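User: Hi! Could you walk me through this structure? I'd like to hear about the strands, the rings and the cysteines.

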Amino acid sequence: MAHTPTCLVCQKEMEVGFVAQPAQPVHLPRWSPGEPEAGMFGEAKRSRVEAGLAVTAYRCPECHALRLYAFGTPPTG
């Protein structure tokens, strides 16, 4: 994406940021194609998560809507 996205509701330029769960250390979300493969304890398999694409979040300063993007080429397998 060559430009900053515009809010679909307010038509304002959105600000870049990220989404994280409050945890130590901070784990940022990743995007992977297909259905998740469950590990031994029901969590997503770590190899698929780590191979995924980083998620970039944009937030509208007017209505506070979020838009999430996963830039790059999706992993295979």
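Analyst: Happy to, starting with a term: contact means heavy atoms within 4.5 Å. Please keep in mind that this is a predicted model, where local features need pLDDT of at least 70, side-chain atom pairs count only at pLDDT 80 or more, and totals for chains, interfaces and linings use all residues. Residues are numbered from 1 along each chain as its sequence is written, and side-chain values use heavy atoms, with hydrogens and water left out.

User: Great. Which residues does T56 touch, not counting residues up to four places away in sequence?

Analyst: T56 touches V16, G17, R67, L68, Y69 and F71. T56 is found in strand β4.

User: And is T56 buried or exposed?

Analyst: T56 counts as buried, at 19% relative accessibility. Buried means under 20% relative accessible area, exposed over 50%, and partly exposed in between (1.4 Å probe, protein chains only).

User: Zooming out, what pattern does the protein chain follow along the sequence?

Analyst: The pattern is β-β-α-β-β-β, with one helix and five strands. Helices (H or I, at least four residues) and strands (E, at least two) are DSSP runs, numbered from the N terminus. Of the 77 residues, 16% count as buried.

User: What about contacts between residues at least 6 apart in sequence?

Analyst: Among those contacts in the protein chain, 44% join residues at least 24 apart.

User: Now the sheet. What is the order of its strands?

Analyst: Three strands form an open sheet in the order β1-β4-β5, and the pairing is antiparallel. The edge strands are β1 and β5, each pairing on one side only. Two strands pair if DSSP finds at least two bridges between them.

User: How many bridges join β1 to β4?

Analyst: Three bridges join β1 to β4. As one of the partnerships there, E15 has R59 in β4 as its bridge partner. On the other side, four bridges join β4 (residues 56-59) to β5 (residues 66-69), and these two strands also run antiparallel. There, Y58 has R67 in β5 as its bridge partner.

User: What lies between β4 and β5 in that hairpin?

Analyst: The hairpin has six residues between the strands, and H64 takes a positive phi near 70°. H64 is not a glycine, and its place is in the loop between β4 and β5. At 46% relative accessibility, H64 counts as partly exposed.

User: Which residue has a positive phi of about 65°?

Analyst: That is Q11, which is not a glycine either. Q11 lies in the segment before β1 (15-17). Q11 counts as exposed, with 56% relative accessibility.

User: Switching to rings: how many aromatic pairs does a search of the whole structure find?

Analyst: The search finds two aromatic pairs. In Y58 and Y69, the ring centres are 5.7 Å apart and the planes are at 85°, so that pair is edge-to-face. Because Y58 lies in strand β4 and Y69 in strand β5, the pair ties together parts that are eleven residues apart in sequence. For the criteria, rings of Phe, Tyr and Trp (its six-membered ring) pair if their centres lie within 6.5 Å; planes under 30 degrees apart count as stacked, over 60 as edge-to-face and the rest as tilted.

User: Are Y58 and Y69 buried or exposed? And what about the other pair?

Analyst: Both Y58 and Y69 are buried. The rings of Y69 and F71 have their centres 5.5 Å apart and their planes at 0°, so this pair is stacked. Y69 has a relative accessible area of 16%, while F71 is partly exposed at 32%. Ring pairs thus link Y58, Y69 and F71 into a cluster.

User: Last topic, the cysteines. How many disulfides does a search of the whole structure find?

Analyst: It finds zero disulfides, a disulfide being a pair of cysteine sulfur atoms within 2.5 Å. C7 is in no disulfide, and its nearest cysteine sulfur, that of C63, is 3.6 Å away. C63 is in no disulfide, and its nearest cysteine sulfur, that of C10, is 3.6 Å away.

User: How buried or exposed are C7 and C63?

Analyst: C7 is buried, with a relative accessible area of 1%. C63 is partly exposed, with a relative accessible area of 31%.
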